[in-house]
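Here are some notes for a colleague who is opening this structure for the first time. Please keep the sequence and the 3D view side by side while reading the points below.

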Amino acid sequence: MKTLVSVVLLALLVISPAFAYEWEVNPANGHSYTVIDCVSWTDAKSKAEALGGYLVTISDAAENEWVRSVLSPMAPGRWAVIIGMYQPNGGSDPSAPWVWVTGESFTYTNWDVGQPSGDGPYGYMFEENGKWNDGQLNWPVAFVEVGPIPEPTSILALFSGITIFGILKRRR
Ligand SMILES: [Ca+2]
C-alpha cells in the first residue's frame, strides 16, 4: 500500500506542472492551450514537451484567429509569444524554409507586413493582431498546445481516496 501511495505521489509530482497553468480548450479541435514562461524559444520547446504538448502550430486562419482571441486575456501585455515554427537551417535568410515543430505541413501563413525580415529563425505571434514575426532565440513567454489533458479533479479524487484508505489501513 505504501508503495502505491508513493507511486501516486510521484506521478502527481510529475504531472503537477500541467495544472499550474490556466488552460483554454479550442472547441474546433478539442486541444488545450496555455501560456508558459521561458527564457528562450528552445527552452519553451522543452517545457511544452514536458507538459505533454508542443509549441502551438497554426493550421489555418480559423485556428490563428482562435489563438489570437485568447492570447490577450491569457497573456495580457506580453506583446508577442513564441509559437512552434522555426527555420531548421537557421541563419538570417528569411526566405529559407520554415517548418512547424510537429512536422505538419507549413501551408497557411500569417506574416505581419514586412515579415519575415531576417531577424532570426524563430517564430513569434503578435498579441495585438495575431500576425507572425521572425525573431531571435530569447523571449520570455510562449504558447503551448496539447491534446486533451486529464481532469485534475478526478486525479485528485483518486489520490485522496488512496491516501485515506492508506491512513485507515495503517490505524488497524
Ligand atoms: Ca522580424
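Which residues have the most contacts inside the largest nonpolar core?

1. The core. This is a predicted model, and in it the largest nonpolar core has 29 residues, of which Val81, Ile82, Ile83, Ala142, Phe143 and Val144 have the most contacts inside it. At least two residues of this core are supplied by each of strand E2 (32–37), helix H2 (41–50), H3, E4, E6 and strand E8 (141–146), and the largest share, five residues, comes from E4. As a general background, nonpolar side chains in soluble globular proteins tend to be buried together.

2. One core residue followed outwards. Ile83, which is among the residues with the most contacts inside the core, touches Leu55, Val56, Ile58, Gly123, Tyr124, Met125 and Phe143, when residues up to four places away in sequence are not counted.

3. The overall layout. The chain holds four helices and eight strands, and, read from the N terminus, these elements follow the order α-β-β-α-β-α-β-β-β-β-β-α. Of its 172 residues, 26% count as buried. Among the contacts between residues at least 6 apart in sequence, 66% join residues that are at least 24 apart.

4. Trp79. This residue lies in the loop between helix H3 (61–74) and strand E4 (80–86), and its phi is near 75 degrees, a positive value in a residue other than glycine. Is Trp79 buried or exposed? Trp79 counts as exposed because it has 11 C-beta neighbours inside 10 Å, where the cut-off for that class is 12 or fewer.

5. The cis peptide bond. The bond from Gln115 to Pro116 is cis, with omega near -5 degrees, and Pro116 belongs to the loop that runs between strand E5 (99–100) and strand E6 (122–126).

6. Asn133. This residue is found in strand E7 (residues 132–135), and, leaving aside neighbours within four places in sequence, Asn133 is in contact with Ala80, Asp112, Gln115, Tyr124 and Phe126. One of these partners, Gln115, is also the residue from which the cis bond to Pro116 starts, while another, Tyr124, is also touched by Ile83. Asn133 and Gly120 are 13 residues apart along the chain, and their C-alpha atoms are separated by 9.3 Å. Why does Asn133 count as partly exposed? The reason is that Asn133 has 19 C-beta neighbours inside 10 Å, whereas a residue is classed as buried if it has 20 or more.

Note on methods
Residues are numbered from 1 along each chain as its sequence is written. This is a predicted model: local features need pLDDT of at least 70, side-chain atom pairs count only at pLDDT 80 or more; totals for chains, interfaces and linings use all residues. Two residues are in contact if their C-beta atoms, placed from the backbone, lie within 7 Å. A nonpolar core is a set of buried Ala, Val, Leu, Ile, Met, Phe, Trp, Tyr and Cys residues joined through C-beta atoms within 7 Å.
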